[in-house]
Each structure stands twice: as structure tokens, then as C-alpha cells.
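Subject: Handover of a structure and the findings so far

Dear colleague,

Please find below the structure that I am handing over to you. I would ask you to keep it open while you read the notes that come after it.

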Amino acid sequence: MQKKSGLRGVHAGWYAGVAVLVVGLVAAVLYGSGAYDSWRDGRSLDEACDGTLAQGGLASALGSSDLRAEQGDGGALAECTVKTSPGTGRAVQITLRWSTTAAPAGTLARYDSGYDGVRAQAAPLGNGWPGVVRHDGTWQIMVALDCLNQKDKALVAYGDLYGAADGTALTGLGRVTTETARAAAGKYGCRARAGKPLTQVSTARLGTPGTAKPAGRAQGSCVALRDTSVTRSGTPEIMEYPADPDAPQTNCYLVTGAKKPGYGLYAYYGAAAKDFESTGYGGPDHDSVLATAPCPRSTHEAVFALYRLHDRDTDSYPVPHYSASFARLALKAFAEHEAEQRGCGAVRIMSRP
């Protein structure tokens with residue numbers, strides 16, 4: 001009996017040793033084949049941005065399907081950065097916040113340059129999304145989903161794309177940003193009206209001479225200026241984006257005969273209006289005029305602004321003499337048209353704070 005018991009002990013030890021060896025071999029194979037890295041990277045994507053990161057457009061945005069995610073530092077509602085494992089030089093950063101908290105400093109800087117040529121421009125995202133596309137060295141897509149069950153609150157999502165980008169990459173960024181915003185709104189109890197899935201996001205921007213056209217042909221964001229005395233102000237042409245009643249920012253540029261933007265007109269709504277206001281309405285007075293109007297989608301008033309623009313290339317003002325009377329006339333026409341399209345109340349020209 002003692003002998004059998006000893007044999008059983010030997011067998012048990014042998015089996016245990018074999019099991020450890022097998023586990024070790026399997027682990028080595030998985031590690032050596034990259035399967036472990038793939039599992040780890042996949043898990044990092046699933047957990048990114050508090051589990052709300054939409055992965056559908058990541059490969060298009062980054063030009064690779066070999067991706068890994070890193071969590072942010074905790075300063076936002078959620079934040080994560082996705083990079084390519086081999087490294088293509090691109091990265092996507094997603095930041096989520098409530099409109100009741102401060103916007104990231106880098107984003108606020110985009111509201112502080114309305115006087116600086118066309119630098120503050122934002123193109124409507126389209127497809128029913130309350131969002132815009134911006135470019136100032138890097139591409140950013142911003143979406144602000146108003147919470148229908150919380151009157152003065154919106155879930156704001158930013159998608160920043162670092163590295164070289166084309167239309168495919170920007171469309172991928174748009175899909176990631178919008179679908180992450182949709183998922184986050186559901187997760188955090190913000191009942192919102194989102195848009196349709198994005199299929200294309202354009203890299204087109206205003207500012208070059210080829211984007212100007214006669215004011216009489218305005219039909220998008222500058223249509224309200226089509227019948228005003230813009231020609232007598234030294235700005236017979238315009239640069240505009242398509243009209244979009246869902247975009248949180250609208251802009252229109254009045255252009256000189258030399259194809260230089262001379263005046264910039266901007267409209268900000270909801271979270272964008274609050275962020276613009278937090279910068280001191282775009283910073284110091286740069287020959288500008290402001291207006292506000294109450295709008296039904298937010299308890300925060302919409303803000304409208306007109307700036308005489310500075311041209312960096314020549315370090316001068318394309319419109320050499322600022323006309324305060326024309327500025328008020330142009331802003332009033334622009335703001336009243338915008339307010340009518342959005343169902344807002346009466347426009348009030350305001351004094352700068």
C-alpha cells in the first residue's frame with residue numbers, strides 16, 4: 001500500500017510538471033507569435049474612453065489596423081489616445097466633456113482668433129450632426145450633443161488627428177468621433193438627437209483666392225449678405241460654407257477685390273457659444289461688433305460676431321478703414337438670417353464687455 005501511494009505521488013508530480021511545461025510552452029508560443037500583444041491591444045481599445053470608443057473608423061483614420069489605446073490623465077469626462085503599434089506617425093485623441101465644464105485650453109484657442117484671417121473657420125460636419133471640422137496645424141472634429149432631458153447640458157466630443165491626413169483619414173476621424181459621442185451620450189444618460197453615419201468628410205477649406213465668388217452668388221452661410229451693400233464696403237466677394245442648421249458654428253467671409261478676406265462673420269450656438277464667451281468673446285477688441293439672440297435648443301444665448309480681419313502674409317488689414325456702421329449693418333443681416341433659420345428670438349446688438 002505504501003508503494004502504491006508513493007507511485008501515485010510520483011504520477012501526480014509528473015502530471016503537474018507536464019501541465020506547467022505545457023502552459024509555459026503555450027505562453028511562449030502566444031508571446032512569440034504576437035497573439036498576446038494582439039489580445040492586449042484589443043483589450044486596450046475595448047476599455048478606451050471608459051469603454052465608449054467607437055472603433056469602426058480607426059483603421060481609416062490611422063492607416064493601420066494594428067492599434068493600441070492609452071487612457072488620458074483623468075482631467076476630462078473621458079479621454080484616450082489611439083496609436084498604431086508599428087508607428088505610422090499618426091495618432092487619434094478623443095476627449096469627452098460636459099458643456100458645463102471648461103473646454104480644453106487648445107480648443108479655446110480656436111475661438112480666440114476670429115480676427116486672424118480665416119484661422120477660426122469651421123466647416124459643418126453634415127449628415128444631421130451638430131458638429132464642425134477645424135484645421136489649425138492639425139485636424140479636429142467637434143460634436144456637441146444637446147441633452148434633451150437636461151436643458152442646459154450637452155455632451156461635447158473632440159477628435160484630434162495628429163500626423164499627415166487625407167480625406168479617407170478625416171472621414172475615419174469623423175466616424176470615430178461621432179459614434180463615440182453617440183455611445184457616450186447613451187452611457188452617461190444624455191438623451192440626444194444624433195446624426196446619420198458619416199460616409200465622407202471633406203478636407204476643403206476657405207481662404208485661397210479660388211474659394212472666393214461674387215457676393216451676388218452667395219447661397220450658403222453668406223446668403224444673408226447677398227443683398228446688402230457689401231460692394232461699397234470694399235468687399236465685393238465672399239467665401240462661404242454650405243448652410244447647415246445643425247452646426248454649432250457658422251462662418252462667412254467678405255472678400256476684397258484682391259481676393260483677401262476683409263471681414264469675418266461668425267455665429268456660435270449652445271456649447272460653442274459658451275466656449276466663445278469664456279474667451280472674453282474672442283479676446284480684445286479687434287475692430288468688431290457682437291450680437292446675441294435667445295435660441296430654443298439651449299438656455300445659453302447664441303452669439304454672433306463680426307471682425308475686421310488681419311492678413312498675416314502682408315501684416316496689414318485688407319480693408320484699410322473700418323466702418324462701424326457697415327459692420328453693424330452686416331452683422332445684423334447675418335445674425336437675423338441665422339436666428340430665423342434656427343427658430344431663435346430677436347437679435348440684440350451688444351456692447352463689448
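The notes below cover the disulfides, the salt bridges, one helix, and the cavities and pockets.

Please bear in mind from the outset that this is a predicted model.

**Disulfides**

A disulfide is a covalent bond between the sulfur atoms of two cysteines. The count for this structure comes to four disulfides. When the bonded cysteines are counted along the chain, the pairing follows the pattern 1-2, 3-4, 5-6, 7-8. Three of these links are described here.

One disulfide joins Cys 49 to Cys 80, with an S to S distance of 2.1 Å. Cys 49 belongs to helix H2 (residues 35–51) and Cys 80 to strand S2 (residues 78–84), so the bond ties together parts that are 31 residues apart in sequence. The link of Cys 49 and Cys 80 is left-handed, with -95° about the S-S bond. Both Cys 49 and Cys 80 are buried.

Another disulfide is formed by Cys 147 and Cys 190, whose sulfur atoms are 2.1 Å apart. Here both partners sit in loops: Cys 147 lies between strand S6 (139–146) and strand S7 (154–162), and Cys 190 lies between helix H5 (167–187) and strand S8 (213–214), so parts 43 residues apart in sequence are tied together. Because the torsion about the S-S bond of Cys 147 and Cys 190 is about -110°, this disulfide is left-handed. Cys 147 has a relative accessible area of 4% and is therefore buried. Cys 190, with a relative accessible area of 4%, is buried too.

A further disulfide connects Cys 295 and Cys 344, with an S to S distance of 2.0 Å. Cys 295 is found in the loop between strand S12 (288–293) and strand S13 (302–308), and Cys 344 in the loop between helix H7 (324–342) and strand S14 (348–350), so the pair ties together parts that are 49 residues apart in sequence. With 100° about the S-S bond, the link of Cys 295 and Cys 344 is right-handed. Cys 295 and Cys 344 are both buried.

**Salt bridges**

Side chains of opposite charge can pair when their charged atoms come close. A search of the whole structure finds 14 salt bridges.

One of them is formed by Lys 274 and Asp 152, whose closest N and O atoms are 3.7 Å apart. This pair links distant parts of the chain, since Lys 274 is in helix H6 and Asp 152 is in the loop between S6 and S7, 122 residues apart. Lys 274 is at 23% relative accessibility and so counts as partly exposed. Asp 152 is also partly exposed, at a relative accessible area of 30%.

Within helix H5, the side chains of Glu 179 and Arg 182 meet in a salt bridge of 2.8 Å, N to O. Glu 179 and Arg 182 are three residues apart in helix H5, so about one helical turn separates them. Glu 179 has a relative accessible area of 25% and is partly exposed, and Arg 182 is partly exposed at 33%.

The side chains of Lys 260 and Asp 311 also meet in a salt bridge (3.2 Å, N to O). Lys 260 lies in the loop between strand S10 (249–255) and strand S11 (261–268), while Asp 311 lies in the loop between S13 and H7, so parts 51 residues apart in sequence are tied together. Lys 260 is partly exposed, with a relative accessible area of 26%, whereas Asp 311 is buried at 11%. In addition, salt bridges that share partners join Asp 116, Arg 119, Asp 136 and Arg 312 into one network.

**Helix H6**

The buried residues of helix H6 (residues 271–278) are Ala 271, Ala 272, Ala 273, Asp 275 and Phe 276. After H6 comes Gly 280, which has a positive phi, near 80°.

**Cavities and pockets**

The whole structure contains five cavities of 30 Å³ or more. The largest cavity holds about 190 Å³ of space. Its lining has 17 residues, and those nearest the centre are Asp 146, Tyr 269, Gly 270, Arg 297 and Arg 342. By class, the lining of the largest cavity has ten nonpolar, three polar and four charged residues.

The largest pocket holds about 440 Å³ of space. It is lined by 20 residues, of which Asp 116, Gly 117, Val 118, Arg 119 and Gly 207 are the closest to its centre. The lining of the largest pocket divides into five nonpolar, six polar and nine charged residues.

With kind regards

Definitions and conventions: Residues are numbered from 1 along each chain as its sequence is written. This is a predicted model: local features need pLDDT of at least 70, side-chain atom pairs count only at pLDDT 80 or more; totals for chains, interfaces and linings use all residues. Side-chain values use heavy atoms; hydrogens and water are left out. A disulfide is a pair of cysteine sulfur atoms within 2.5 Å. Helices (H or I, at least four residues) and strands (E, at least two) are DSSP runs, numbered from the N terminus. Buried means under 20% relative accessible area, exposed over 50%, partly exposed in between (1.4 Å probe, protein chains only). On a 1 Å grid over the protein atoms alone, a cavity is a set of points where a 1.4 Å probe fits but cannot get out, and a pocket is an open set with protein on both sides within 12 Å along at least five of seven lines; lining residues have an atom within 4 Å of a point. Grid points are joined across faces, edges and corners, and a volume is the space filled by probe spheres set on the points. Ala, Val, Leu, Ile, Met, Phe, Trp, Tyr, Cys and Pro count as nonpolar, Asp, Glu, Lys and Arg as charged, and the others, Gly among them, as polar. A salt bridge is a side-chain nitrogen of Lys or Arg within 4 Å of a carboxyl oxygen of Asp or Glu.
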